[in-house]
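Q: Before any of the labels used for a model can be trusted, it helps to ask what each one rests on. Please take them one at a time.

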Amino acid sequence: MPSERTDRIRKLLADLVGFDTVSDKSNLALVGYVEDYLAGFGITARRITDDTGQKAALWVTIGPADTPGIVLSAHTDVVPVTGQDWSADPFTLVERDGRLYGRGAADMKGFVAVCLAMVPEVARAKLATPIHLALSYDEEVGCVGVRPLLDEINKLSVKPLACLVGEPTLMQVAIGHKGKHALRAIFRGLASHSALAPQGVNAVEHAADLITEVRRRAREIAAHGTRDELYEVAHTTMLSSVIHGGTALNIVPDSCELQFEVRGLGVHEAKQLTSEIVAWAKSEIEPAMRRGHPDSGIEFEDILDYPALDMAADHPLVTFAKTLAGRNDNIKVSFGTEAGLYVAMADIPTVVIGPGSITQAHKPDEFIAIAELERCAEMIERLIAQCEKADGLEALRRA
Ligand SMILES: [Zn+2]
């Protein structure tokens, strides 16, 4: 590994980490930086700005635009640092013992830095198959910003062949992740003095009925549901996680808000299971509340929703990714990514493979090993070599 390339990666990662792109902030400064960097190699990026004008995705094509290409996909946003005990400024990259520390180092500015560092090599190559960069925003708040980008990709006359999402997998090929649907249930009851409890509609107790049912279904699925042993937790899960209700001991509570989620194995399973829970609550809980007072009831709001990734282990992309990774196994990951949306929204075969470990993500003193970044650069080097061959991606084209 030439150390000059490692220096390039380190410098780019330091710059990227320096942009505070926590999901609730604008990412435009980072986007402008990437545009300027690419312009230095004569590459124009297409900017897709959101309705607020404060966030943008980037779509980049290097190589022949009239040929289906390979997408390298990443998100530019990071999770917050508030309340976390960092030993140094999270937005200043620090090197220690072969590791680079900073917010987003692993999730996933490290991958972005490697992709950018390889741009000179990509630009120099005689590519038969183009390489795309796709940078999104608002991934950490429910894979939001990749959706308008995928809408644009769907309008292209030439659709990409395949996509690699560079979330941290320690450079292993991940062919699946669960889908997730999270909901907020707002219970509206009727207040009364607790001494006259039967005259009120107790929102907290009705919410408890839903919690009990979610737990009952979760146990049923854990005991008898479909299993996929490639996952750390082999079955679909569901749980209630946040509850707020009541104001005083002597008042029957008239409101209660409950958040719950399903993480499903099947591509759209999470959403299907939540709609069954909603239907159950509407038919089993709400009528009882309405008997107490006609204005009582439950409202449900989506919090976030993304489909599962479920690539067949024998798909040509999986074989191709294994060749790039230089290994012959595949995994499934516990965390959600944009990969499921690439398949579900745009029908683009996608796997997850990237440097660093998810166990370092979202934590104080997040870091990535420099060796991981170098392995990722080597993977992109192999990708470039495949994309230079006229028949390098033949199996993918036939898929
Ligand atoms: Zn991520």
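Q: What makes Glu205 buried or exposed?
A: In this predicted model, the relative accessible area of Glu205 is 53%. Exposed means over 50%, so Glu205 counts as exposed. Glu205 is part of helix H6, residues 203–224. Its C-alpha atom is 13 Å from that of Ala191, 14 residues apart in sequence.

Q: Why is Asp365 called partly exposed?
A: The relative accessible area of Asp365 is 24%. Buried requires under 20% and exposed requires over 50%, so Asp365 falls in between and is partly exposed. Asp365 sits in the loop between strand E17 (350–352) and strand E18 (367–369).

Q: How do you know whether Met171 is buried or exposed?
A: Met171 has a relative accessible area of 3%. The cut-off for buried is under 20%, so Met171 is buried. Met171 belongs to the loop between strand E7 (162–165) and strand E8 (173–177).

Q: What does Met171 touch, not counting residues up to four places away in sequence?
A: Its contacts include Ala325, Arg327, Ile353, Gly354, Pro355 and Met379. For Pro355, the C-alpha to C-alpha distance from Met171 is 5.2 Å, while the two are 184 residues apart in sequence.

Q: Where is Phe300, and what is it in contact with?
A: Phe300 is in strand E14, residues 297–306. Leaving aside neighbours within four places in sequence, Phe300 is in contact with Arg184, Ala185, Leu210, Phe260, Val278, Ala281 and Lys282. Gly69 is 231 residues from Phe300 along the chain, and 41 Å separate their C-alpha atoms.

Q: Why does Asp138 count as buried?
A: The relative accessibility of Asp138 is 10%. Buried means under 20%, so Asp138 meets the condition. Asp138 lies in the loop between strand E6 (131–136) and helix H5 (146–155).

Q: What makes the pair Asp138 and Lys55 a polar contact?
A: Their side chains are joined at 2.8 Å. The limit for a pair of N or O atoms is within 3.5 Å, so this pair counts as a polar contact. Leaving aside neighbours within four places in sequence, the residues in contact with Asp138 include Ser23, Asp77 and Cys143.

Q: What is the phi of Asp138, and what is that of Asp365?
A: Asp138 has a positive phi of about 55° and is not a glycine. Asp365, also a residue other than glycine, has a positive phi near 55°. Most residues other than glycine have a negative phi, and most peptide bonds are trans.

Q: Which residues does a cis peptide bond join?
A: A cis peptide bond joins Asp107 and Met108, with omega about -10°. Met108 is placed in helix H3.

Q: What makes His75, Asp107 and Glu167 donors of the zinc ion?
A: The donor atoms are NE2 of His75, OD of Asp107 and two OE entries of Glu167, at 1.8 to 2.5 Å from the zinc ion. The limit is within 2.8 Å, so these atoms count as donors. Along the chain the donors follow the spacing H-x31-D-x59-E. His75 is in strand E3 (residues 70–75) and Asp107 in helix H3 (residues 105–117), so the pair ties together parts that are 32 residues apart in sequence. Both His75 and Asp107 are buried.

Q: Why is the site of the zinc ion called irregular?
A: The angles among its 4 donor atoms are 55 to 139°. A tetrahedral site needs all angles between 85 and 135 degrees, so the site of the zinc ion is not tetrahedral. A square planar site needs opposite donors over 155 degrees apart, and the angles of this site go up to 139°, so it is irregular.

Q: How many residues of domain 1 are in contact with domain 2?
A: 14 residues of domain 1 are in contact with 14 residues of domain 2. Domain 1 covers 3–176 + 308–398, and domain 2 covers 179–306. Between them the domains bury about 1100 Å², with 55% of it on carbon and sulfur atoms. Ala308, Lys332 and Ser334 supply 49% of the area that domain 1 buries against domain 2, more than any other three residues.

How values were computed. Residues numbered from 1 in each chain as written. Predicted model: local features only at pLDDT ≥ 70, side-chain atom pairs only at ≥ 80, totals over all residues. Heavy atoms only, no water. Donors = N, O, S within 2.8 Å, 3.2 Å for Na, K, Ca; no water. Tetrahedral: all angles 85-135°; square planar, octahedral: opposite > 155°, others 65-115°. Helix = DSSP H or I, 4+ residues; strand = E, 2+ residues; numbered from the N terminus. Buried < 20%, exposed > 50% of the residue type's maximum accessible area, 1.4 Å probe, protein only. Polar contact = N/O pair within 3.5 Å; in protein donor to acceptor, adjacent residues only side chain to side chain. Contact = heavy atoms within 4.5 Å. Domains from an automatic or database assignment. Buried area = accessible area lost by both parts, 1.4 Å probe.
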